[in-house]
Amino acid sequence: MAAQTHKNNKPGKSGGKEAQPLILPKTPAEEQRLKLERLMRNPDKVAPIPERPKEWAPRAPPEFVRDVMGSSAGAGSGEFHVYRHLRRREYQRQDFLDKMAEKQGKDVDYLEKLEQNQLEAEERTAKRRKKREKMKMKKLLAKKAKTEGKEKKDGDNDSDSSGEEERKEESGKEEEKEDDAETPSFIMGRK
């Protein structure tokens, strides 16, 4: 009967679990890998996801104080410690309120800065769009002028004078638009 082993005895380990060799991780990556392997051994098991810790908030000041401290000569030796504790808690509460106000101020500043950056980006985009449109119009006018030049050379010289006047008026208007356009600047580092 010595060959039989009980469930609690270590030598046989006839329980359901297999013996796993002890592996000590040497790097954080190896530690993470071991954790993932342990989780993937049983994929049906729910993985423990810790909740985010709640932010500490001081206890609200009491609405009605029953035992108000006085400056009477009969105060006991324990009253000083009670007073010190109340004072410390009040200072903690005030510090917390100051930090919260500072955090809210920073959040407001951040949102204002985001909005300002977005407006500046939209202005730059509009300016560049306008510049691209001007360049496109300039190319189109140059192409038109080139084709008209070819037509004049190829076509009859006895064309309608009214057609020429209309072309001159159109080209005059387009040239006025070109005059308004700024010359493109290619300065490095310009914002």
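Of the 191 residues in this protein, 2% count as buried. Keep that number in mind while you look at the picture. What you see is a predicted model. The average pLDDT of the protein is 79, and 69% of the residues score at least 70.

On to the secondary structure. The protein has three helices and zero strands. Going along the sequence, the pattern reads α-α-α. Helix α1 covers residues 28–41, helix α2 covers residues 79–154, and helix α3 covers residues 161–180.

How does confidence vary among these elements? Helix α2 has the highest mean pLDDT, at 93, and helix α3 has the lowest, at 56. Where pLDDT is low, the predicted coordinates should not be read in detail. I will therefore stay with the other two helices, given that α3 has the lowest mean pLDDT of the elements.

Let us take helix α1. Side chains of opposite charge can pair when their charged atoms come close. A search of the whole structure gives four salt bridges, and I will go through some of them.

One of them joins E31 and K35, with 3.8 Å from N to O. Why can these two meet? They are four residues apart in helix α1, so about one helical turn separates them. E31 has a relative accessibility of 37%, which means that E31 counts as partly exposed. K35 is at 40%, so K35 is partly exposed as well.

Another salt bridge links E37 with R33, and here the closest N and O atoms are 2.8 Å apart. E37 and R33 are also four residues apart in helix α1, so the separation is about one helical turn. E37 is partly exposed because its relative accessible area is 35%. R33, at 41% relative accessibility, is partly exposed too.

Helix α1 has something other than charge to show. L36, L39 and M40 make a nonpolar patch on the surface, and together they have about 300 Å² of accessible area. L36 belongs to helix α1. Is L36 buried, exposed or partly exposed? Its relative accessibility is 47%, so L36 counts as partly exposed. The cut-off for exposed is over 50%, which is why 47% does not qualify.

Now helix α2. A salt bridge here is formed by E102 and K106, with the closest N and O atoms 3.7 Å apart. Their spacing is four residues within helix α2, so about one helical turn lies between them. K106 has 54% relative accessibility and therefore counts as exposed.

There are also patches of charge on the surface. Which residues form the negative one? D107, D109, E112 and E115 gather there. D109 is part of helix α2. With a relative accessibility of 48%, D109 counts as partly exposed.

The positive patch consists of R124, K127, R128, R129, K131, R132 and K136. R128 sits in helix α2, that is, within residues 79–154.

To recap. The predicted model has three helices and zero strands, and 2% of its residues count as buried. In helix α1 we saw the pairs E31 with K35 and E37 with R33. In helix α2 we saw the pair E102 with K106. On the surface there is a nonpolar patch that includes L36, a negative patch that includes D109, and a positive patch that includes R128. For helix α3, remember the mean pLDDT of 56.

Conventions. Residues numbered from 1 in each chain as written. Predicted model: local features only at pLDDT ≥ 70, side-chain atom pairs only at ≥ 80, totals over all residues. Heavy atoms only, no water. Patch = residues over 30% accessible without salt bridge, like charges linked within 9 Å, V, L, I, M, F, W, Y side chains within 5 Å. Areas by Shrake-Rupley, 256 points an atom, 1.4 Å probe, with all protein chains shown as cover. Salt bridge = Lys/Arg side-chain N within 4 Å of Asp/Glu carboxyl O. Lys, Arg positive; Asp, Glu negative; His and termini not counted. Charge placed at Lys NZ, Arg CZ, Asp CG, Glu CD. Buried < 20%, exposed > 50% of the residue type's maximum accessible area, 1.4 Å probe, protein only. pLDDT = per-residue confidence, 0-100.
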